Amino acid sequence: MRIVTFEDQHGRRVGVLDGEAVADVTAVDGGLPVEMIDLIALGASGLDRLRSAFESAPRLAPASLHLLAPIPRPRKNVMAVGRNYRDHAKEFSDSGFDASEKQMIPDHPVVFTKAPTSVIGPGVPIDTANDPLGTTDYEGELAFIIGAPAKSVSRERAMDHVYGYTIVNDVTARDLQKQHVQWFIGKSPDTFCPMGPCITTIDELPDIGSSWLRTWVNGELRQEAPISALIFDVPTLIAALSSVMTLEPGDIVATGTGLGVGIGFDPPRYMQPGDLVEVAIDGIGVLSNPVI
Ligand code: MG
């Protein structure tokens, strides 16, 4: 299933995509949570109820509603992985971003976080006014959502703890990222974490490695990478994170971006007001956001 959070004149709730239409599942099952986080916490029983409700739920036309980020306000920071595709790690290194960085390809996952307040949904503008230095860059990424709590989980068992996948645009204020050394500020301006359009449940994407990640700016293809090119794949990331901390239902981990970000060009091609950035992953959809 492709599960969304949407809003119309009756309020905000979860739904299930049926093509372009949204099946209004909570209209036929009043016991279903309206919030995605609460649905995820129900695990398999919630998915069973969702499947049953999907059959008879009324279909809502896309024009009658707004899709929000699948998890509009994460309970904790969005986790994200840096330098997780070889050719992006090289372009980042070649850009001279951090001359003190001795090692282009990391031995262990490089994990940072983005503030929950940076999350926006599909179609909501990325506001470059929140980046005073004017170096706003895009990073199309696959993100996975934790289902069952995970602590000290092996690679082999890791996928049992994944609820599904979504798309994150890890928008970055490059000069702030550099200036403050630690990446949190440069990664966390308001509107700098577009997410969506849906969460595709894990059963529908058993082989995420065969999906491709693509990013366009104003229709120009800038990024194109197979998910199989990740240096640290999803099970490896879960094993590393859960070896020290409890991952909880609804936690979001963006897995890193591929070759072709703005800072990789000479001169850099940062986003400008009026641009449109679109990120697509097979089996999930297209996350599209204008830039203001
Ligand atoms: Mg990133």
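**Helix H2, strand E14 and the two domains**

The face of H2 turned away from its buried side carries Ala-44, Ser-52, Glu-55 and Ser-56, which are exposed (over 50% relative accessible area, with buried meaning under 20% and partly exposed in between; 1.4 Å probe, protein chains only). Helices (H or I, at least four residues) and strands (E, at least two) are DSSP runs, numbered from the N terminus. The model is a predicted one, in which local features need pLDDT of at least 70 and side-chain atom pairs count only at pLDDT 80 or more, while totals for chains, interfaces and linings use all residues. Residues are numbered from 1 along each chain as its sequence is written, and side-chain values use heavy atoms, with hydrogens and water left out.

Helix H2 spans residues 44-56, and its buried residues are Gly-46, Leu-47, Leu-50, Ala-53 and Phe-54. These five lie on the same side of H2 because they cover an arc of only 125° around the axis, taken from the directions from the helix axis to the C-beta atoms.

A different pattern of burial can be followed along strand E14 (residues 212-217), where the side chains alternate. Leu-213, Thr-215 and Val-217 point to one face and are buried, whereas Trp-212, Arg-214 and Trp-216 point to the other and are not. Strand E14 pairs with strand E15 (residues 220-226) in the antiparallel sense over six bridges; two strands count as paired if DSSP finds at least two bridges between them. In the hairpin of E14 and E15, two residues lie between the strands, and Asn-218 takes a positive phi near 50°. Strand E14 also runs antiparallel to strand E17 (residues 276-281), joined by five bridges. Leu-213 has a partner in each of these strands: Ala-225 stands opposite in E15, and Ile-281 is the bridge partner in E17.

Turning to the whole chain, the domain assignment gives domain 1 (2-67) and domain 2 (78-290), with bounds from an automatic or database assignment. The contact (heavy atoms within 4.5 Å) takes 12 residues from domain 1 and 17 residues from domain 2. Between them the domains bury about 1,100 Å², 65% of it on carbon and sulfur atoms; this is the accessible area (1.4 Å probe) that two parts lose on being put together, summed over both. Arg-2, Ile-40 and Leu-67 supply 54% of the area that domain 1 buries against domain 2, more than any other three residues. One salt bridge is found across this interface, the term meaning a side-chain nitrogen of Lys or Arg within 4 Å of a carboxyl oxygen of Asp or Glu.
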